[in-house]
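Hi everyone, thanks for making time for this. I'd like to walk you through one model, and please have the viewer open so you can follow along.

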Amino acid sequence: KYYRKWETNRVRTTCPHCGTGCQMDLIIKGNKLVGVEPADGAANKNLLCVKGRFASYKFVGAKDRLTDPLIKRNGVFEKATWEEALDLITKKFTGIKENYGADALAGFSCSRATNEDNYVFQKMVRTVFGTNNVDNCARVCHSASVHGLAHTLGSGAMTNPIEDITTDVDMILLVGSNPTEAHPVIGAQIRQAIQKGTKIVVVDPRKIDLVKDSDIHLQIQAGTNVAFANGMMHVIIKDNLMDQQFIENKTEGYEALKQMVADYTPEKVAEICHINPDDLRQAARMYAKAEKAPIIYCLGVTEHSTGTEGVMSMSNLAMLVGKIGKSGCGVNPLRGQNNVQGACDMGCMPYDFPGYQKVNQPKVIEKFEQAWGVSLSRNKGMTSTQVLPAAAEGKVKGIYIFGEDPIVTDPDTGHVRAALENLDFLVVQELFMTETAAYADVVLPGISYAEKNGTFTNTERRVQRVRKAVEPMGQAREDYEVFCDVMTRMGYLSQYDSADEIMDEIASLVPSFGGINYARLEEGGLQWPCPTADSPGTYIMHVGQFTRGKGLFMAIPYKEAKELPDETYPYLMSTGRMLYHYNTRAMTGRTEGINQIANRSYIEINYQDAEKLGIKEGDKVKVSSRRGEIETYAAVGDRVFPNEVFMTFHFPDGNVNEITNAVFDDIAIIPEYKVCAVDICPV
Ligand code: SF4
């Protein structure tokens with residue numbers, strides 16, 4: 001528990017939890033992590049939250065880490081050598097490819113692993129599996145941002161850095177984002193800004209903590225973001241508060257947008273969103289008139305069947321008032337996982353090679369064929385949310401899952417189970433025996449961030465070093481070496497001596513990473529685009545000109561969520577994060593102190609509904625939907641409106657994804673985690 005300073009060493013690295021990318025020092029005694037201390041990083045300025053400070057090291061040395069390859073024989077996992085496990089993987093995947101074609105294989109990469117691991121993983125899927133069926137869990141969180149921002153602005157990433165949108169800004173428009181819990185260090189910086197006079201408008205179905213500090217809370221019903229944005233734009237245009245010069249010189253598509261939002265009067269929007277029309281007017285005027293006003297948003301915008309449209313609506317709003325390409329402004333998605341930005345940047349998506357170079361463009365395919373020395377698939381790849389139904393139908397036969405746990409994280413768990421059970425062969429590479437790993441034919445031990453060198457890219461496009469502090473446990477090896485072994489056994493000779501050699505290959509193929517190398521990263525992180533060795537990186541995107549040339553307004557009418565409350569399922573349920581835990585709790589759930597504070601699931605329910613149903617604080621309740629039912633505990637109060645409820649997705653008891661709805665946005669194929677209809681009753 002305790003250590004003497006002179007007995008320890010320190011290694012500077014990047015927090016493995018959320019996308020803020022806080023810098024911290026791991027404290028090492030022998031080959032053991034004994035603590036974490038904050039460091040002065042560009043994004044965190046010596047701050048760490050409870051997850052970074054206390055839940056970033058104990059899981060690394062946890063007793064239940066996977067330490068050996070495991071092969072399932074007669075339904076039971078048995079220890080195996082790397083030779084045995086890799087031979088079996090090669091035999092099975094090669095057999096599936098020969099018998100059913102390359103597109104019967106798929107790979108899900110890991111948004112918590114390094115850029116280097118992710119780059120080699122997608123290279124393995126594309127070169128030896130021979131398919132574009134590769135994805136990462138951005139699919140179920142921010143794929144709508146990648147598609148929506150790339151379409152309207154030309155680049156699917158945060159436009160401005162964290163310090164720029166939390167320092168000396170006049171107001172913040174916070175939409176569907178709960179940073180004090182999901183990105184606590186950004187939440188703290190927003191709070192500091194508010195204390196210095198920054199105004200804040202919170203647009204959220206719940207009374208999140210920042211509502212206490214807000215000037216206006218638009219407590220919109222979940223699933224009505226597009227209507228809210230159209231209403232804001234209606235007021236701005238009616239009051240002549242738009243930036244006409246910016247619109248004329250830098251954008252296209254404005255007339256169609258103007259005509260479309262003419263219908264969205266504050267009264268009409270108030271009815272759709274369940275808000276006060278005067279609050280909407282006031283918020284629109286405040287945002288338009290402020291000199292420096294960033295939009296900050298998160299999964300409350302993206303995780304809808306209209307997620308991409310919600311993101312494009314955020315671009316519409318910012319462009320309408322000329323708040324793009326300027327300090328203290330922009331459209332800023334807070335990415336959830338430590339390297340979900342990087343997993344997308346590295347091409348772990350079916351439509352893109354590394355650097356968002358499109359797989360449907362012949363010149364791009366030829367470029368990668370030449371660089372990698374193989375012929376590559378011209379077929380359209382499937383997203384992870386398309387691969388699972390295809391597996392249930394028997395079209396996909398083999399999946400390699402690296403560091404993901406879709407049984408817990410994907411909506412409607414029943415359909416994920418059916419898909420995995422129907423596979424001919426499943427490989428899972430993981431730190432722990434997760435719910436998904438239990439379904440695998442072969443489980444390979446992965447290594448944690450503290451046992452490897454590499455880089456993560458945080459939410460503000462900043463590529464930062466991850467440094468090895470301790471040796472891997474047992475027989476576990478570098479993740480990218482395992483992928484190289486699979487590639488070599490499947491006929492494509494592949495080897496890297498170190499992670500920085502992989503980064504050099506990335507830089508040679510990805511123009512926006514052209515100037516990034518480990519020597520430069522020793523001096524601190526670099527924000528892409530960083531095209532040349534003398535580029536300082538890009539602090540603010542779209543300055544002078546949009547990445548796509550002109551910013552594109554999209555006229556988007558409001559559409560209802562795909563499942564709304566009715567007589568049988570009368571409550572609208574939304575899901576999200578809590579402060580103490582991170583995603584499936586695979587990491588935070590192995591820290592005793594954290595579990596003492598937060599160790600079970602709960603459902604937030606309005607006290608009026610609780611009284612009607614005879615439910616008291618802490619009571620056990622049953623929550624059911626068309627997909628199934630779970631049991632959890634009531635948290636009664638006024639954080640949610642009557643007829644609405646909220647659950648976190650961290651806990652295996654009462655796994656909320658047993659009952660969420662597996663319906664998708666048509667563009668990004670992102671699930672609608674934020675809206676489904678449920679019923680509640682006391683147990
Ligand atoms: Fe880690 Fe995010 Fe907390 Fe920073 S804010 S310490 S990156 S979990």
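Let's start at a loop: Pro-529 sits in the stretch between E21 and strand E22, which covers 551-552. Keep in mind throughout that this is a predicted model. What is special about the bond between Trp-528 and Pro-529? The peptide bond there is cis, with omega at about 0°.

Now step back from that loop to the sheet that E21 belongs to. Here three strands make an open sheet, ordered E19-E20-E21, and their pairing is antiparallel. Strand E19, residues 454-457, and strand E21, residues 526-527, are at the edges with a single partner strand each, so each has one side without a neighbour in the sheet. E19 and strand E20, residues 462-466, run antiparallel and are joined by four bridges. If you want one pair to click on, take Thr-455, whose bridge partner in E20 is Arg-465.

There is another sheet to look at. Seven strands form this one, again open, and the order reads E5-E4-E18-E17-E16-E6-E7. Its pairing is mixed. Which strands are at the edges? They are strand E5, at 76-79, and strand E7, at 134-135, and each of them pairs on one side only. Inside that order, strand E4 (residues 70-73) pairs with strand E18 (residues 442-445) in the antiparallel sense, over two bridges. Ile-71 is the residue to find here, as it stands opposite Val-442 in E18.

On to the ligand. How many residues surround the ligand? The count is 14, and the closest are Cys-15, Cys-18, Cys-22, Cys-49 and Gly-52. By class, that shell has seven nonpolar, six polar and one charged residues. As for where they come from, helix H1 (50-54) and helix H7 (184-195) each supply at least two residues of the shell. In terms of domains, the shell takes at least three residues from each of domain 1 (5-61) and domain 3 (143-334).

Next, a couple of helix pairs. As a reminder, two packed helices are described by the angle between their axes and the distance between the axes. Helix H8 (residues 225-238) packs with helix H12 (residues 277-289) at an angle of about 65°, and their axes are 9 Å apart. H8 and H12 are therefore roughly perpendicular to each other. Their crossing is right-handed.

The other pair is helix H4, residues 143-152, with helix H14, residues 307-320. Their axes come within 8 Å and cross at roughly 45°. That makes H4 oblique to H14. The crossing of H4 and H14 is right-handed.

One last stop, and it is a backbone detail. Where does Asp-412 lie? You'll find Asp-412 in the loop between helix H18 (406-409) and helix H19 (413-421). What is the sign of phi at Asp-412? Phi is positive there, about 55°, although Asp-412 is not a glycine.

That's my tour, so thanks for listening, and I'm happy to go back to any of these views.

How values were computed:
Residues are numbered from 1 along each chain as its sequence is written. This is a predicted model: local features need pLDDT of at least 70, side-chain atom pairs count only at pLDDT 80 or more; totals for chains, interfaces and linings use all residues. Two strands pair if DSSP finds at least two bridges between them. A residue is near a molecule or strand if its C-beta atom, placed from the backbone, lies within 6 Å of it. Ala, Val, Leu, Ile, Met, Phe, Trp, Tyr, Cys and Pro count as nonpolar, Asp, Glu, Lys and Arg as charged, and the others, Gly among them, as polar. Domain bounds come from an automatic or database domain assignment. Axes are lines fitted to C-alpha atoms, for helices over the stretch in contact, and angles run from 0 to 180 degrees between N-to-C directions. Angles under 35 degrees count as roughly parallel, over 145 as roughly antiparallel, 65 to 115 as roughly perpendicular and the rest as oblique. A crossing is left-handed if the near helix is turned anticlockwise from the far one by less than a right angle, and right-handed if clockwise.
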